[in-house]
Amino acid sequence: RESDHRAWTPVTYTVTRQNATVQGLIQGKAYFFRIAAENIIGMGPFTETTKEILIRDPITVPDRPEDLEVKAVTKNSVTLTWNPPKYNGGSDITMYVLESRLIGKDKFHKVTKEKMLDRKFTVEGLKEGDTYEFRVSACNIVGQGKPSFCTKPITCKDEIAPPTLDLDFRDKLIVRVGEAFSLTGRYSGKPAPKVTWLKDDIVVKEDDRIKIQTTPATLCLGIVKSVREDTGRYCVTVENSTGSRKGFCQVHVVDRPSPPVGPVIFDEVFKDHMVVSWKPPLDDGGSEITNYIIEKKDTHKDLWMPVTSATVKTTCKIPKLLEGREYQIRIYAENLYGISDPLISDEMKAKDRFRVPDAPEQPIIKDVTKDSAVVVWNKPYDGGKPITNYIVEKKETMATRWVKATKDPIFPGTKFKVPDLLEGCQYEFRVSAENEIGVGDPSPPSKPIFARDPIAKPSPPVNPEAVDKTKNSVDLSWQPPRHDGNGKIIGYLVEFQKVGDEEWKQANLTADSCPETNYRVTGLTEGLTYKFRVKAVNAAGESDPAHVPDPVEVKDRLEPPELILDANMAREQHVKAGDTLRLSAVIKGVPFPKVTWKKEDHEVSPKADIEVTGVGSKLEIRNTVHEDGGMYSLTVENPAGSKTVSVKVVVLDKPGPPRNLNISDVRSDSCYLTWMEPEDDGGSVITNYVVERKDVASAQWVAISSSSKKRSHMAKYLMEGTQYLFRVAAENQYGRGPYVETLKPIKAIDPLHPPGPPKNLHHVDVDKTEVSLVWNRPDRDGGAEITGYLVEYQEDGADEWTKFQTVPMLDCVVTGL
């Protein structure tokens, strides 16, 4: 019967011998057999095979073993492994026979012990450096089968094998907090590799929770009662001299989250609801937050009421509140592994409390350029309603009107780059916040800024040099820096150092005290030698110093005086009367010369202002008059010499009065005037004379000539018998000078001559002491009525005539003879 059936099947023929061949069996199936003896009386009991018999081919010796491999080689041993034959010949393998042959010999020698069934064997006692080959045979009850194929020739020497690593864990491992986990595997290598465990690139050290076990073939890292901090990337390194292998595992130790981060912020509060927000937990437990559980509690009650447990946002509306009641909110975070401890809010009363936003604090201005500036501010209190927009305004500092920087909304950022500024203008900025209620008050104005590119420190001044010196000072000069750092140069700092000292001293304390590119360092000690350096300063700070190349010895420098004349010091200087006379010259010389001004070798007029500076001198006379003209000289003198320069000054003015006015040839209708030119022509040629007359009975002068250049004039058209006064003035291009006037009136009459002699003088009577005389009128009266006759007498023999008297008539009695 088949071993898996219970029914027996009779063999189809009777057997008389003590053996039989059963045919029709199926190969690979197991059968039981039984035999009974039979005689004429009947059949005896069956005898049954004790165990099933598997139908298969007849038993032979096994096939050759397979996969003979050398696993390890040392200098005196070889370890080999192999696999069983594909066919054991129909009988179980009873043992394996391993043989070796020394290369160069003919025979194989058995090296295994009796009855060896292991398929791994280490051949020992070999000689270092010898070369062997090996083969193995399998034996069953029939006998020894064919040997396997020989190994390649193997030389006995210490073997080097790179590490191998076979891990029992995957790339990721998730563990609950408090549970244990282990990372295990197997490894090999020649020589024996070193095993190192790392967590996040830091060597793992054993402690109460962390255990590391390493055998020659296995490795294990075990952690009991895991905590969140055990999360990380674990790495095991197996390394020997031939190389290394690494295995990695990202371990996530997960837990319920930590509480949400407070405080709970009441974003909006109304009489019947609130909107609160919070921050996510610092630790999500290694697993994404799936939801938040929000509950509310009236502070007068002990009962917490659920609000929602299905929100993943960090904000929530708390509805169904009673106006005037105070509430607390508590919030839990939940992930796949549990619910956190709660975050509990402060108490908050349910009531409407919104208004326009507060004014922001004073904004700060950053990143200023020539046409833009960035305005930065802090978010103000929003008045209970979320801020929806910020309004940024600008104005020039001196203006009064604020202008919006942009029409576009500015939200949610709290900074804005204001464009379109005018370079060089000064601006202020302010910010207002807006919510749905309206626009809040503006912030205080920012500090004023100038729209200009940011400035850096300037480069050093160029070519500083000592251009002059005295016994206690040195004059320095330099050129401005090549780069002003985009900022105006405020000025320069000058420093000096006595040769041999280490300390630099400041010649000026502030840069604005030296705005120009020159400076006189004073207070130095005569005979000492000094070094000098100069720094440029702008709003960003000081430049590096520029050094005067050579030290300077402080002592007086002698240079003879030198005069560089200005245009007003030409050989002759004309100035109009009433104008200002200016004479000036540039003066050089070391030490600076003594300056002396003189006029005609005398001191100049006290009305002259004389100014002497370090570079020259100036003489100034205001409201000049004719007397200010003359020869002026400027003398400069120092120990090295002296120099003098002169200039003739002509004050141009109206001429003086004409001289020697004379009246002659008086007629009844005319007279002849003559005069001489003025002593002073006013510095300009006399262009003409003005002649005027006046009736003594009149107050008005009448011009009778105004264009004549001659020094005489015939005054015509006089009225006979009238008395006249005459006057004459000279004119030049600067005006009319003073008049010269006749001293007494002139009567317009023809000229008078003496009368002729009386005629026919004779005596008519004689006495002893008197004589009576008579005579006749003369032939001519001289143009005027005869007014009387002069009678004279002379004693005979005497030289003198003696006047007697003048008589009006034609007769006279001479008495007293």
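Which residue stands opposite E268 in β22? In this predicted model, that place is taken by V275. The pair belongs to strands β21 and β22, the latter covering residues 274–279, and five bridges join the two in an antiparallel arrangement. A third strand completes the picture: the open sheet here runs in the order β21-β22-β25, and its pairing is antiparallel. At the edges sit β21 (261–269) and β25 (315–318), each of which pairs on one side only. Neighbouring strands in this sheet are turned against each other by 25° on average, if direction is ignored. As a bit of background, strands of a sheet pair through backbone hydrogen bonds, and they can do so in a parallel or an antiparallel way.

It helps to place these strands on the chain as a whole. The UniProt record, an unreviewed entry, lists "domain: Fibronectin type-III" for residues 1–58, 64–159, 259–353, 359–454, 460–557, 657–751 and 757–817. Two of these spans can be looked at a little further. Residues 460–557 are 0% helix and 45% strand, and the C-alpha atoms at the two ends of the span lie 29 Å apart. For residues 657–751, the figures are 0% helix and 49% strand, with 30 Å between the end C-alpha atoms.

Next comes the stretch around strand β19, which covers residues 232–240. Is β19 mostly covered or mostly uncovered? Seven of its nine residues are buried, so the strand counts as mostly covered, buried here meaning under 20% relative accessible area. β19 has pairing partners to talk about, too. Strand β15 (residues 194–199) pairs with β19 in the antiparallel sense over six bridges, and within that pairing W197 stands opposite V236, while L198 stands opposite C235. β19 also pairs with strand β20 (residues 243–254), again in the antiparallel sense, this time over nine bridges. There, F248 in β20 is the bridge partner of C235. Put together, C235 faces L198 of β15 and F248 of β20. The link between β19 and β20 is a hairpin of two residues.

β15 has another partner in strand β16 (residues 202–203), and these two pair in the antiparallel sense over two bridges. L198 turns up again here, with V203 as its bridge partner in β16. The hairpin of β15 and β16 has two residues between the strands, and in it D200 takes a positive phi near 50°.

Further along the chain is an open sheet of five strands, in the order β47-β54-β53-β49-β50, with mixed pairing. Why do β47 (572–576) and β50 (602–603) each have one side without a neighbour in the sheet? Both stand at the edges with a single partner strand, so nothing in the sheet lines up on the other side. For β47, the pairing with β54 is parallel and involves five bridges. One of the matched pairs is H574 with V650, the latter being in β54.

Some of these strands also feed the largest nonpolar core, which has 20 residues. At least two core residues come from each of β48 (581–590), β49 (594–599), β52 (616–621), β53 (630–638) and β54 (641–652). The residues with the most contacts inside the core are L583, W597, Y632, L634 and V649. Y632 is a good one to follow in the structure. Leaving out residues up to four places away in sequence, Y632 touches L581, L583, K598, K599, V604, I621, V645, S646, V647 and V649.

A proline gives a look at a loop. P545 is found between β43 (541–542) and β44 (546–547), and with a relative accessible area of 28% this residue is partly exposed. V534 is 11 residues away along the chain, but the C-alpha atoms of P545 and V534 are separated by 5.4 Å. Apart from neighbours within four places in sequence, P545 is in contact with P460, R533, V534 and K535.

Finally, the cysteines. How many disulfides does a search of the whole structure find? The answer is zero. C150, for instance, is in no disulfide, and the nearest cysteine sulfur, belonging to C156, is 16 Å away. C150 counts as partly exposed because its relative accessibility is 36%. C671, by contrast, counts as buried because its relative accessibility is 0%.

Terms used
Residues are numbered from 1 along each chain as its sequence is written. This is a predicted model: local features need pLDDT of at least 70, side-chain atom pairs count only at pLDDT 80 or more; totals for chains, interfaces and linings use all residues. Side-chain values use heavy atoms; hydrogens and water are left out. UniProt positions are given in the numbering used here, feature names are shortened, and annotations may be inferred rather than shown by experiment. Helices (H or I, at least four residues) and strands (E, at least two) are DSSP runs, numbered from the N terminus. A nonpolar core is a set of buried Ala, Val, Leu, Ile, Met, Phe, Trp, Tyr and Cys residues joined through side-chain atoms within 4.5 Å. Buried means under 20% relative accessible area, exposed over 50%, partly exposed in between (1.4 Å probe, protein chains only). Contact means heavy atoms within 4.5 Å. Two strands pair if DSSP finds at least two bridges between them. Axes are lines fitted to C-alpha atoms, for helices over the stretch in contact, and angles run from 0 to 180 degrees between N-to-C directions. A disulfide is a pair of cysteine sulfur atoms within 2.5 Å.
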